[in-house]
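Student: I have a model open and would like to learn how to read it. Can we take the features one at a time?

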Amino acid sequence: MGGGVMIPVAEALARILSACAPLPAETVFVTEALGRVLAEPVAARLTQPPFANAAMDGWAVRAADLAGALADAPVMLTRIGESAAGHPFAGQVGPGQAVRIFTGAAIPDGADAVVMQEDVTAEGGRVRIPVAPRPGRFIRPAGLDFTAGDVLIPAGRRLTARDVALAAGANAAWVRVHRRPRVAVLATGDEIRLPGEPLEPGQIVSSNAIALCALVTVEGGVAHNLGVAADTPGALAELAAGGAGADLLVTAGGAAQGDHDHVRAVLGRDLTVDSVAMRPGKGVLFGAGGGQRFLGLPGNPVSAAVAAVVFLRPILRALQGMAPGDDGTVPATLGASLPPCGERADFVRATLTRGDDAGWVATPFSRQDSAMMSRLARADGLIVREPFVPAAAAGERVAVLPLTGGAVGL
């Protein structure tokens, strides 16, 4: 495939994901499962709650004994014991009897209701109850939450803290998850220096590799920064060899076809994507030759970041077994006009605010230069515009790919 033949974003993504089957599964303890993607569903290994228990502190009684109780004609019952969490009452509640009970404690045999402690007056070994509870009042029945064998969390879900709590509560101590993708990240360019290094004339500080490694980490992968390769084929090949065992090699820069761009020649084996009709981010490469997936991103920091949101994030999710969903966009009202769109899809940096109708208002920055990281850092989302759409006026509806709230992790 020759460079410069642009393909649509959707087609490029489809080609890329076709080479990104889920990685093998591994078993981890539930305490290590946060953020991992399930390879197999989590099923309950017990019934929860395992026994009927009290929903609040009070007295376990027989509802029939209190059928006629009134405020001015309370019923007197005999206290025969206590049931606390982890210390159930071993006997049985008979006619005219009551058991002091605490939240979460097992309901004693014979009792079928709980009266709140606020409604009861204890008088030595007797209790005065002025209310008539219905059977089942303030009792959580066994299996109220789930029963043994119920599928609680489906495969393909990235586990949240709530999911981990559910799995632990279901006694699923070990879970099957997809292996974390190992991603090697390589920046290129004679002009690139690391943060904190002294800068000579014509040199700039590298942010691409740092940003890409951060995105990999947020998305559940394991990032390995290979460093910065000089603009020679030998230097590029030498550093890229350090990522030979990775599931994905990602480069930033050097993917164009200038005299100092060597990524395509050195790493571009069997490319299935070689230039995408998008702005920013046209210079995207992808191939899976030689037994390794390779994603080449542009060198401009905003171009690299936008392309990473559009392509690297879906790759990482696919490798972890997450099913492709929708495009992740949300509807919004345009807060300022936009010019017509050319032959490439446009990803326009914008802020998001709430409008009078509580919907999103997307206001694009007036300048969209692909080297302006400060604008990207201030952006809340990317307005997604298809190729050749006409100019859009303020107030029109647009689709926005959010960059805030952890949706992207950029």
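Tutor: We will go through sheets, a helix pair, and then some backbone details. Keep in mind that this is a predicted model.

Student: Start with the sheets. What holds strands together, and in what order do the strands of the sheet with strand 7 and strand 8 at its edges lie?

Tutor: Strands of a sheet pair through backbone hydrogen bonds, either parallel or antiparallel. Here an open sheet of 6 strands runs in the order 7-4-6-5-9-8, and its pairing is mixed. Strand 7 (113-116) and strand 8 (121-123) are the edge strands, each pairing on one side only. Direction ignored, neighbouring strands of this sheet are turned by 40° against each other on average.

Student: Which partners does strand 6 have, and in which sense does each pair run?

Tutor: Strand 4 (residues 58-61) runs antiparallel to strand 6, and 3 bridges join them. Strand 5 (residues 75-83) pairs with strand 6 in the parallel sense, over 5 bridges. Ile101 is a useful residue to click on. Gly58 has Ile101 of strand 6 as its bridge partner, and Ser83 also stands opposite Ile101.

Student: Is strand 6 largely enclosed or not?

Tutor: Count its buried residues, taking buried as under 20% relative accessible area. In strand 6 (residues 97-101), 4 of the 5 residues are buried, so the strand is largely enclosed by the rest of the structure.

Student: And at the strand 8 edge, how many bridges join strand 8 to strand 9?

Tutor: There are 3 bridges, and the two strands run antiparallel. One position to look up is Thr121, which stands opposite Arg128 in strand 9.

Student: What is the strand order in the sheet that contains strand 16 and strand 18?

Tutor: This is an open sheet of 6 strands with mixed pairing, in the order 16-13-17-21-20-18. Strand 16 (222-229) and strand 18 (271-274) are at the edges with a single partner strand each, so each has one side without a neighbour in the sheet. From one strand to the next, the twist averages 15°.

Student: How does strand 13 pair with strand 16?

Tutor: Strand 13 (residues 182-188) and strand 16 are parallel, with 7 bridges between them. Within this pair, Thr188 has Ala229 of strand 16 as its bridge partner.

Student: Which strands does helix 6 lie across?

Tutor: Helix 6 lies across strand 13, strand 17 (248-252), strand 20 (285-287) and strand 21 (293-297). Its direction is at about 165° to strand 21.

Student: Now helix packing. At what angle do helix 3 and helix 6 cross?

Tutor: Two packed helices are described by the angle between their axes and the distance between the axes. The axes of helix 3 (residues 208-218) and helix 6 (residues 301-319) cross at roughly 25° and come within 10 Å. That angle makes helix 3 roughly parallel to helix 6. The crossing of helix 3 past helix 6 is right-handed.

Student: Which residues make the contact?

Tutor: Helix 3 contributes Asn208, Leu212, Leu215 and Val216, while helix 6 contributes Pro301, Ala304, Ala308, Leu312 and Leu316. Sorted by class, the contact of helix 3 with helix 6 has 8 nonpolar residues, 1 polar residue and no charged residues.

Student: What should I look for in the backbone angles?

Tutor: Most residues other than glycine have a negative phi, and most peptide bonds are trans. Look for departures from both. The peptide bond from Gln48 to Pro49 is cis, with omega near -10°; Pro49 sits in the loop between strand 2 (42-43) and strand 3 (53-54). Arg279 and Pro280 are also joined by a cis peptide bond, with omega about -5°. Pro280 belongs to the loop between strand 19 (278-279) and strand 20.

Student: Where are Phe138 and Ser275 placed?

Tutor: Phe138 lies in the loop between strand 9 (126-129) and strand 10 (139-140), and has a positive phi of about 55° although it is not a glycine. Ser275 lies in the loop between strand 18 and strand 19. The phi of Ser275 is positive as well, near 105°. Ser275 is buried, with a relative accessible area of 5%.

Student: Last, what does Gly253 touch?

Tutor: Not counting residues up to four places away in sequence, Gly253 touches Thr188, Val263, Leu297, Pro298 and Gly299. Gly253 lies in the loop between strand 17 and helix 5 (263-267) and is buried, at a relative accessible area of 7%.

How values were computed
Residues are numbered from 1 along each chain as its sequence is written. This is a predicted model: local features need pLDDT of at least 70, side-chain atom pairs count only at pLDDT 80 or more; totals for chains, interfaces and linings use all residues. Side-chain values use heavy atoms; hydrogens and water are left out. Buried means under 20% relative accessible area, exposed over 50%, partly exposed in between (1.4 Å probe, protein chains only). Two strands pair if DSSP finds at least two bridges between them. Axes are lines fitted to C-alpha atoms, for helices over the stretch in contact, and angles run from 0 to 180 degrees between N-to-C directions. Angles under 35 degrees count as roughly parallel, over 145 as roughly antiparallel, 65 to 115 as roughly perpendicular and the rest as oblique. A crossing is left-handed if the near helix is turned anticlockwise from the far one by less than a right angle, and right-handed if clockwise. Contact means heavy atoms within 4.5 Å. Ala, Val, Leu, Ile, Met, Phe, Trp, Tyr, Cys and Pro count as nonpolar, Asp, Glu, Lys and Arg as charged, and the others, Gly among them, as polar.
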